[in-house]
Amino acid sequence: MKNRVFINGIGAVTPQGIWRPSFFEEAVPIDSPITAAIQPSYKALIPPALIRRMSRGIKMGIFAAQQALDEAGVSTPEAIIVGTGLGCSEDSEKFLRTILDNDEQFLTPTSFIQSTHNTVAAQIALRLACQGYNFTYVNRSVSFESGMLDAMLQIHSGEVANVLVGGVDEISDHTYSLLQRIGYIKPDGVNESIKTSQTQGVNYAEGATFFLLSGERTAESYAELVDVHIINSVGEDEITATISGFLQGNGLTSHDIDIAILGINGDKAFDSYYFPVQEQLTNADVLYYKHLIGQYDSCSAFAPAVAATVAKHGAAQPILRWQGRPQRPVKNILLYNQYRGKDHSLLLVRTC
């Protein structure tokens with residue numbers, strides 16, 4: 001029999017600040033085309049000499065990872081897995097600008113070394129003296145889910161007892177301007193929340209969310225992670241059949257889902273993917289979360305944090321609710337995300 005997987009710790013750095021018990025009570029919806037994460041003090045975790053050389057992505061990842069470990073009461077994980085869409089893009093841009101400005105001469109390697117996508121996972125491992133499995137997934141908007149699936153398989157097989165897994169992406173000026181120019185991000189001056197959005201594009205942001213997954217349930221466990229499914233391309237008319245197949249594989253039907261957490265992001269061109277799902281899950285209370293943390297490649301890592309919190313407390317905070325459906329006792333929670341019609345992911349979380 002395969003080992004079960006439990007979420008035993010959560011950590012995050014977001015535009016709403018760090019992960020905390022009052023997170024959803026204090027959160028305020030985002031209505032700006034770009035919103036940076038609120039940076040905590042890193043002095044207790046990172047020596048000052050290193051802080052100034054680290055990009056925001058590295059610092060956010062280290063902080064969120066330590067939060068998750070502290071919540072779970074684990075000092076050193078047996079494996080570290082990170083998902084990121086663009087990696088340390090700030091350092092990548094800095095290095096490329098230096099190449100141009102200096103005519104490809106007199107280059108220092110620091111920005112290049114820290115611009116590689118696996119830098120966050122490596123820095124976390126160095127700080128924790130973790131010599132176990134260390135891997136980074138760079139699969140666009142399913143980068144985090146790819147890492148989550150890897151972590152589940154390792155715990156199921158008994159390879160490790162616990163895994164630190166997370167997603168992290170940062171804002172960088174040039175990349176932001178390019179994404180805005182091609183219409184992926186809302187134009188400057190268009191201040192719309194997800195519920196009031198009438199335009200294409202998203203409100204862009206950055207952040208890091210980490211989890212300590214374990215094969216052992218504790219008194220402080222949030223929830224059980226049951227299954228993860230990833231598929232690159234699905235038509236709007238096929239998504240309900242895909243979800244039905246996923247649920248059937250886990251011995252469930254659409255009527256068994258009590259909470260549906262959807263990746264609605266305010267892009268009017270692609271949010272239509274979520275409409276048939278809402279109609280399919282007639283008994284589910286529908287929640288959303290990107291109005292609090294914005295859109296970036298690994299932002300879907302925050303969805304399991306929402307699910308785990310709802311599972312632990314048995315109810316969703318009002319700010320998370322998309323529809324006013326009557327709430328019922330929570331057992332099965334389905335998470336569905338896609339970005340621009342591609343990279344679809346399904347996660348099943350259950351109370352424990």
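In which loop is Ala-129 found? Ala-129 sits in the loop between α6 (119–128) and β5 (133–137), and we will come back to its backbone below. Welcome to a short tour of this chain, which is a predicted model. The chain holds 12 helices and 13 strands. Its radius of gyration is 20 Å, close to the 20 Å that the globule rule gives for 352 residues, so the chain is as compact as a globular protein of that length.

**The chain as a whole**

- Along its principal axes, the C-alpha trace spans about 65 × 45 × 35 Å.
- Of the 352 residues, 58% count as buried.
- Take the contacts between residues at least 6 apart in sequence: 79% of them join residues at least 24 apart.
- The chain exposes about 14500 Å², and carbon and sulfur atoms supply 53% of that area.
- There are 26 positive and 36 negative charges, and the mean positions of the two sets are 3 Å apart.

**Helix α9 and what follows it**

- Helix α9 covers residues 239–249, and its buried residues include Ile-239, Thr-242, Ile-243, Phe-246 and Leu-247.
- Viewed down the axis of α9, the buried residues fall within an arc of 130°, so they line one face of the helix.
- A helix makes one turn every 3.6 residues, so positions three or four places apart point the same way.
- The other side of α9 carries exposed residues, namely Ala-241, Gln-248 and Gly-249.
- The cover over the buried residues of α9 includes two strands late in the chain, β12 (332–339) and β13 (342–350), along with β9 (223–233) and α10 (275–280).
- Gly-251 follows α9 and has a positive phi, near 70°.
- Asn-250 lies in the loop between α9 and β10 (259–262).
- Setting aside residues up to four places away in sequence, Asn-250 touches Val-226, Asp-227, Leu-348 and Arg-350.
- Thr-175 is 75 residues from Asn-250 along the chain, and their C-alpha atoms are separated by 40 Å.

**Positive phi outside glycine**

- Ala-129 is not a glycine, yet it has a positive phi of about 55°.
- Is Ala-129 buried or exposed? Ala-129 is exposed, with a relative accessible area of 58%.
- Arg-340 also has a positive phi of about 55° although it is not a glycine.
- You will find Arg-340 in the loop between β12 and β13.
- Arg-340 counts as partly exposed, at 24% relative accessibility.

**Strand β11: Asp-285 and Val-286**

- Asp-285 belongs to strand β11, which runs over residues 285–288, and Val-286 is found in β11 too.
- Asp-285 is buried, with a relative accessible area of 1%.
- Val-286 is buried as well, with a relative accessible area of 1%.
- Which residues does Asp-285 contact, leaving aside its neighbours within four places in sequence? They are Asp-258, Ile-259, Ala-260, Arg-321, Gln-323, Arg-325 and Gln-327.
- With neighbours within four places in sequence left aside, Val-286 is in contact with Ala-260, Leu-262, Gln-278, Leu-320, Arg-321, Trp-322, Gln-323 and Arg-325.
- Ala-260 and Arg-321 are among the residues in contact with Asp-285 and are also among those in contact with Val-286.
- From Val-286 to Leu-334 the C-alpha distance is 9.7 Å, with their positions 48 residues apart in sequence.
- Asp-285 and Ala-65 are 220 residues apart along the chain, and their C-alpha atoms are separated by 30 Å.

**Strand β13: Lys-342**

- Lys-342 is found in strand β13, one of the elements that cover the buried residues of α9.
- Lys-342 is partly exposed, with a relative accessible area of 36%.
- Leaving aside neighbours within four places in sequence, Lys-342 is in contact with Arg-140, Ser-141, Asn-232 and Ser-233.
- The C-alpha atoms of Lys-342 and Val-234 are separated by 7.2 Å, although the two residues are 108 residues apart along the chain.

Notes:
Residues numbered from 1 in each chain as written. Predicted model: local features only at pLDDT ≥ 70, side-chain atom pairs only at ≥ 80, totals over all residues. Heavy atoms only, no water. Helix = DSSP H or I, 4+ residues; strand = E, 2+ residues; numbered from the N terminus. Rg over C-alpha atoms; globule rule 2.2 N^0.38 Å. Buried < 20%, exposed > 50% of the residue type's maximum accessible area, 1.4 Å probe, protein only. Contact = heavy atoms within 4.5 Å. Areas by Shrake-Rupley, 256 points an atom, 1.4 Å probe, with all protein chains shown as cover. Lys, Arg positive; Asp, Glu negative; His and termini not counted. Charge placed at Lys NZ, Arg CZ, Asp CG, Glu CD. Arc of directions from axis to C-beta.
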